[in-house]
Amino acid sequence: MNTIFQTTITRIGGCARDALLDDMLITFREGAPADIEEYCFIHQHGITAGDLQVGGIMELGENRYPITAVGEVATQNLRELGHVTVRFDGETQAEFPGSIHVTGPTPGDIPLGSTFKFLL
């Protein structure tokens, strides 16, 4: 598998973990506006070397999640803003244009320094 995107979580907004309770992970690159950063897992922005695709893998720390749906602007948002909304529900149709859906258990926590990757 080729790595399409790889980064490290550097900050965690005060409300970011609340989204995990709703089976959701929201990311944004460093430098996000403060009101947005509050709800996000912030990461070092990296190069996006391809498009996110169904059948690819999201890797979070040691866990791998098969990608089941990708919204039409998810790759663009990741490339330009480091922003994605990951839903841990296995849906095969993206809920929103920027959503990525994966199958697997929602992490109970995502510690600082965790790696975050997309593979194809």
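Visitor: How many residues are in the largest nonpolar core?

Guide: Welcome! This is a predicted model. Inside its largest nonpolar core, the residues with the most contacts are Leu 25, Met 58, Ile 100, Val 102, Phe 116 and Phe 118. The number of residues in this core is 22.

Visitor: Which element gives the most to this core?

Guide: The elements that give two or more residues include helices H1 (16–21) and H3 (74–81). Strands do so as well, among them E1 (3–12), E4 (57–60) and E8 (115–119). The top contributor gives three residues, and that element is E1.

Visitor: How many residues are in the second, separate core?

Guide: Ala 19 and Ile 26 belong to this second core, as do Cys 40 and Ile 42. They are part of a set whose size is seven residues.

Visitor: Which residues does Leu 25 touch, leaving aside those up to four places away in sequence?

Guide: Leu 25 is among the residues with the most contacts inside the largest core. Its partners include Leu 20, Phe 41 and Leu 60, and also Val 84, Thr 85 and Val 86. The rest of the list is Phe 88, Ile 110 and Phe 116.

Visitor: Why are the buried residues of H3 on the same side of the helix?

Guide: In H3, the buried residues are Ala 74, Thr 75, Asn 77 and Leu 78. They lie on the same side of H3 because the arc they cover around the axis is only 165 degrees.

Visitor: What do those buried residues of H3 pack against?

Guide: Let's follow helix H3 a little further. Right after H3 comes Gly 82, with a positive phi near 70 degrees. As for the packing, the buried residues of H3 meet E1, E5, E6, E7 and E8.

Visitor: How many aromatic pairs does a search of the whole structure find?

Guide: The search covers the whole structure, and its count of aromatic pairs is two.

Visitor: Is the pair of Tyr 65 and Phe 88 stacked or edge-to-face?

Guide: Tyr 65 sits in strand E5 and Phe 88 in the loop between E6 and E7, so the pair links parts of the chain 23 residues apart. Tyr 65 is buried, with a relative accessible area of 3%, and Phe 88 is buried too, at 7%. The ring centres are 5.2 Å apart and the planes stand at 70 degrees, where over 60 is the cut-off, so the pair is edge-to-face.

Visitor: What is the angle between the planes of Phe 116 and Phe 118?

Guide: Phe 116 and Phe 118 are both buried. Their rings form an edge-to-face pair, at 5.2 Å centre to centre. The angle between the planes is 70 degrees.

Definitions and conventions
Residues numbered from 1 in each chain as written. Predicted model: local features only at pLDDT ≥ 70, side-chain atom pairs only at ≥ 80, totals over all residues. Heavy atoms only, no water. Core = buried A, V, L, I, M, F, W, Y, C linked by side-chain atoms within 4.5 Å. Buried < 20%, exposed > 50% of the residue type's maximum accessible area, 1.4 Å probe, protein only. Helix = DSSP H or I, 4+ residues; strand = E, 2+ residues; numbered from the N terminus. Contact = heavy atoms within 4.5 Å. Arc of directions from axis to C-beta. Phe/Tyr/Trp six-rings, centres within 6.5 Å; stacked < 30°, edge-to-face > 60°.
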